[in-house]
Amino acid sequence: MDIKRVLTNVVVVSFLFLLCSTVVTAMEEKEGKADDDCIGCHVTITPGIVKQHLDSPMANPKKHKDYVGCTDCHGDLHQDMDDFASAEFPTPTTCGKCHKEQVEQYRKGKHELAWFGMKSQVAWHSQPASIVKQGHKGCSGCHKIGRKGYQGVFQGFDKVTHDGGKEAKEYRYGNAQCD
């Protein structure tokens, strides 16, 4: 084994050790309220997301009145690695349970229509699916904000209507609009 590989392994192990100790400390501070099973698995699979959540006000009782756990936003259907697709992804409706005023402001503002506006551009329709669908590459990488499902003249409607969630179901990611 060469020295470069050994050093890389040392750095990776050190990072995981520090992350795990941060998680344990954060869980202890939350007086056992943390989602132990979720964090225990995700600390090795998606350590950045775990750290991001634990650093957020929602996971910090000193900054937020109530601890917000994994199942509060992602449901409890996802139990192991085989059923990862059962995890729910937050939508503005999910966020509205706690952030009603902010979601109402969002719904009344221009960002509610941002996705519809982007899709109305002529250039959008000539893009390959790998750019405009789940990958959120190209324009949709940043402009994914906006409620999915608005329909207008291009789709044969006289005025802007909504499809009741049909388009949003096509997108696993990018429906929680506060990002």
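Hi everyone, let's start with a pocket: the second largest one is lined by 25 residues, and Phe89, Pro90, Thr91, Ala168 and Asn175 lie nearest its centre. Keep in mind that this is a predicted model. Which elements give two or more residues to that lining? They are helix H4 (70-74), helix H5 (92-96) and H9. The pocket has a volume of about 440 Å³, and its lining is made up of seven nonpolar, ten polar and eight charged residues.

Now let's turn to helix H3, residues 47-55. Its buried residues are Pro47, Val50 and Leu54. Where do they sit around the axis? They cover an arc of only 60°, so they are on the same side of H3. Here is a handy rule: an α-helix has 3.6 residues a turn, so residues three or four places apart point the same way. On the face of H3 turned away from the buried side you find the exposed residues Gly48, Ile49 and Gln52.

Next, please find glutamine 151, in strand E1, residues 150-151. Is glutamine 151 buried or exposed? Its relative accessible area is 19%, and buried means under 20%, so glutamine 151 is buried. Setting aside neighbours within four places in sequence, glutamine 151 is in contact with Phe116, Phe157, Lys159, Val160, Thr161 and Asp163.

Last stop: glycine 165, which is in the loop between strand E2 (161-162) and helix H9 (166-169). Glycine 165 also counts as buried, because its relative accessibility is 17%. Look at glycine 149 as well: the two glycines are 16 residues apart along the chain, and their C-alpha atoms are separated by 6.1 Å. Thanks for listening!

Notes: Residues numbered from 1 in each chain as written. Predicted model: local features only at pLDDT ≥ 70, side-chain atom pairs only at ≥ 80, totals over all residues. Heavy atoms only, no water. Helix = DSSP H or I, 4+ residues; strand = E, 2+ residues; numbered from the N terminus. Buried < 20%, exposed > 50% of the residue type's maximum accessible area, 1.4 Å probe, protein only. Contact = heavy atoms within 4.5 Å. Arc of directions from axis to C-beta. 1 Å grid on protein atoms, 1.4 Å probe; cavity = no way out; pocket = protein on both sides within 12 Å on 5 of 7 lines; lining within 4 Å. Points joined across faces, edges and corners; volume = space filled by probe spheres on them. Nonpolar A, V, L, I, M, F, W, Y, C, P; charged D, E, K, R; others polar.
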